[in-house]
Amino acid sequence: MRDSDKTFSKFMNKASRKATSLKEEGLASIAKLQNRYFCIGITGLSKSGKSTFITSLINQLMNHEKASLAGFSPVLSERLLGVKMHPLADADIPVFPYEKNYQSLTQAKWPASTTNISGCLLELRLSRAGRRLNPLKADQFSLFLEIRDYPGEWLLDLPLREMSFSRWSEQCQAQYQASPRRELIGDLFDELTQLDPLSVADETVLKSLNVKFVQFLHDCKYKHSSLSLIQPGRFLLPGTVENAELLNFVPLLGCQKYSDDMLNEAADNSYYKLCQRNYQGYVKQLVDPFYKNFFSRIDRQLVLVDVVNTLNAGPDYLDDMRQALTNITESFSYGRQNRLVQLFKPKIDKVIFAATKIDQVLSEDHDAVRQLLGVIVKQAYKSAQHEGVQPICEATAAVRSSREIEYQGDRGIAGCGENGEPIGYIHPTIPTRIPEGEQWQPFLDWQIPLLNPPQGLSYSNQDVLPHIRIDTILNELIGDKCL
């Protein structure tokens with residue numbers, strides 16, 4: 001094929017995809033105006049189990065006839081007739097890897113962590129409730145749920161959209177002085193503090209500091225227990241970044257020695273101006289498009305929180321997670337409005353905070369986990385309430401990996417370890433409030449083993465994934481839209 005023919009073929013393929021995309025977006029807009037299309041923002045910090053949750057949610061819906069969904073009213077009333085999964089209208093976003101994730105779970109392995117964006121569109125075919133009151137209405141209708149997945153690391157970058165480089169550097173300076181970051185950053189703290197922001201930048205020095213800084217962020221995430229508030233998130237998982245220079249900056253901890261005017265008047269070749277340019281490019285070219293494409297159209301939000309493992313990590317890590325959740329929540333727009341306004345300027349009209357992985361504790365402690373979550377997210381909760389939205393707290397396990405046992409007169413948890421070996425443990429009683437002082441010690445001493453997904457699930461037979469209260473969350477998220 002000649003080059004001109006190849007160019008023409010590429011042009012036609014691109015034009016065809018664009019036309020299809022515009023058509024699907026137009027149909028989506030009509031469905032949304034009819035209150036039949038909306039976007040669910042499944043939001044979660046890294047390690048909260050977001051991809052596994054999305055996989056299980058799809059699995060429950062697509063197998064609703066044999067799934068345990070008594071808490072989801074359309075299934076209980078037998079009005080859910082069928083579910084299909086479609087790609088998103090945006091052809092540049094890969095389809096969420098449901099089949100791959102589901103197959104991994106049936107092999108008793110957790111799906112791989114999310115490293116880039118993906119998404120899907122679920123079409124729920126429903127029979128109409130209350131048709132007897134209005135016989136002119138159609139017997140059936142479709143409800144479309146847009147779901148997108150992304151690395152949890154990127155989520156923490158959203159507050160940077162409203163933060164200058166100097167303000168971010170000051171925030172870092174305050175964070176890095178406190179435990180456990182002070183221990184993790186080591187000598188790099190002094191190097192970043194002593195670097196004069198106004199001096200002429202040495203590219204070699206900056207690159208060396210950047211490498212050390214990325215390693216520090218890596219330690220914050222993977223060394224001992226994981227911290228939550230890690231910025232910039234793409235320093236750990238870049239995804240697709242065409243301009244690598246956008247990742248070449250560090251916080252200048254010496255900025256506080258200078259006024260804003262002095263920093264603004266710094267030479268173009270100074271450390272301050274070089275890092276500021278790359279930081280601003282990072283926000284404009286990576287963070288802003290991520291927010292626009294993933295979060296600006298959210299209608300309802302589910303925030304996943306790993307309460308149990310954060311409780312096990314200790315007070316410093318819990319406080320860090322509380323701050324991260326508050327920062328994230330403040331990045332979204334909440335409120336109720338009519339359908340036409342919602343089409344062009346969406347606001348989140350419902351928020352659910354869900355504690356994940358509650359199969360790690362006894363069922364008698366599930367409500368305590370939910371109560372503790374309410375205390376942890378109190379500040380973020382207030383932010384949503386302020387805009388007229390009443391948030392809800394729940395507790396769930398996307399894939400139940402444990403069973404409860406009796407051991408020497410005590411009740412405990414049993415399951416399979418990383419290599420399929422049987423394991424069991426007894427855990428401290430979960431509190432309904434944040435522990436204080438010596439109350440923390442039992443949770444710090446608690447060694448939580450990693451439980452693998454349950455064995456015996458069949459991919460060939462399309463077995464339904466066992467779960468805890470996904471049906472309740474579904475009903476809270478979309479139950480009123482299914483009428």
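These legends describe close-up views of a predicted model.

**View 1. Glu 123, a buried acid without a salt bridge.**
Glu 123 sits in strand 3, which covers residues 118–127. The nearest side chain of opposite charge belongs to Arg 125, 4.9 Å away. A salt bridge needs a side-chain nitrogen within 4 Å of a carboxyl oxygen, so Glu 123 and Arg 125 do not form one. Polar contacts are present instead. The side chain of Glu 123 meets the side chain of His 86 at 2.8 Å. A second polar contact, of 2.7 Å, runs to the side chain of Ser 142. Beyond its neighbours within four places in sequence, Glu 123 is in contact with Gly 82, Val 83, Lys 84, His 86, Ser 142, Leu 143 and Phe 144.

**View 2. Tyr 150 and Phe 295, an edge-to-face aromatic pair.**
The whole structure holds 25 aromatic pairs. In the pair of Tyr 150 and Phe 295, the ring centres lie 5.3 Å apart and the planes meet at 75 degrees. The pair links distant parts of the chain, 145 residues apart. Tyr 150 is in the loop between strand 4 (140–149) and helix 5 (152–155). Phe 295 is in the loop between helix 11 (271–294) and strand 5 (300–305). Are these two rings buried or exposed? Tyr 150 has 1% relative accessibility and counts as buried. Phe 295 is buried too, at 3%.

**View 3. Phe 235 and Tyr 282, another edge-to-face pair.**
The ring centres of Phe 235 and Tyr 282 are 6.0 Å apart, with the planes at 85 degrees. Phe 235 lies in the loop between helix 9 (203–222) and helix 10 (260–264), and Tyr 282 lies in helix 11, so the pair ties together parts 47 residues apart in sequence. Both Phe 235 and Tyr 282 are buried. Both also belong to one aromatic cluster. Its other members are Phe 165, Trp 168, Tyr 176, Phe 213, Phe 216, Phe 249, Tyr 272 and Tyr 279.

**View 4. Asp 320 and Arg 181, a salt bridge between two helices.**
The closest N and O atoms of Asp 320 and Arg 181 are 2.8 Å apart. Asp 320 is in helix 13 (residues 315–329), and Arg 181 is in helix 7 (residues 181–185). The two are 139 residues apart, and the pair links distant parts of the chain. Asp 320 is buried, with a relative accessible area of 8%. Arg 181 is also buried, at 8% relative accessibility.

**View 5. Further salt bridges, including Arg 411 with Glu 364.**
The structure holds 14 salt bridges. The side chains of Arg 411 and Glu 364 meet at 2.5 Å, N to O. Arg 411 lies in strand 9 (residues 410–416) and Glu 364 in the loop between strand 6 (350–355) and helix 15 (366–376), so the pair ties together parts 47 residues apart in sequence. Arg 411 is partly exposed, at 33% relative accessibility. Glu 146 forms a salt bridge with Arg 148, with the closest N and O atoms 2.9 Å apart. Both Glu 146 and Arg 148 are buried. Arg 300, Asp 349 and Asp 480 are linked in a network of salt bridges.

**View 6. Two cis peptide bonds, each leading into a proline.**
One cis bond joins Ser 179 and Pro 180, with omega about 5 degrees. Pro 180 is in the loop between helix 6 (165–176) and helix 7. Another cis bond runs from Gln 231 to Pro 232, with omega near -5 degrees. Pro 232 lies in the loop between helix 9 and helix 10.

**View 7. Glu 78 and Gln 462, with positive phi.**
Phi of Glu 78 is near 60 degrees, a positive value in a residue other than glycine. Glu 78 is in the loop between helix 3 (73–76) and strand 2 (80–86). This residue is exposed, with a relative accessible area of 67%. Gln 462 has a positive phi of about 55 degrees and is not a glycine either. Gln 462 is in the loop between helix 17 (441–445) and helix 18 (470–478). Gln 462 is partly exposed, at 26%.

**View 8. Cys 120 and Cys 393, two buried cysteines.**
Cys 120 has a relative accessible area of 0%. Cys 393 counts as buried at 14% relative accessibility. How many disulfides does a search of the whole structure find? The search finds 0.

Key
Residues numbered from 1 in each chain as written. Predicted model: local features only at pLDDT ≥ 70, side-chain atom pairs only at ≥ 80, totals over all residues. Heavy atoms only, no water. Disulfide = S-S within 2.5 Å. Buried < 20%, exposed > 50% of the residue type's maximum accessible area, 1.4 Å probe, protein only. Helix = DSSP H or I, 4+ residues; strand = E, 2+ residues; numbered from the N terminus. Lys, Arg positive; Asp, Glu negative; His and termini not counted. Polar contact = N/O pair within 3.5 Å; in protein donor to acceptor, adjacent residues only side chain to side chain. Contact = heavy atoms within 4.5 Å. Phe/Tyr/Trp six-rings, centres within 6.5 Å; stacked < 30°, edge-to-face > 60°.
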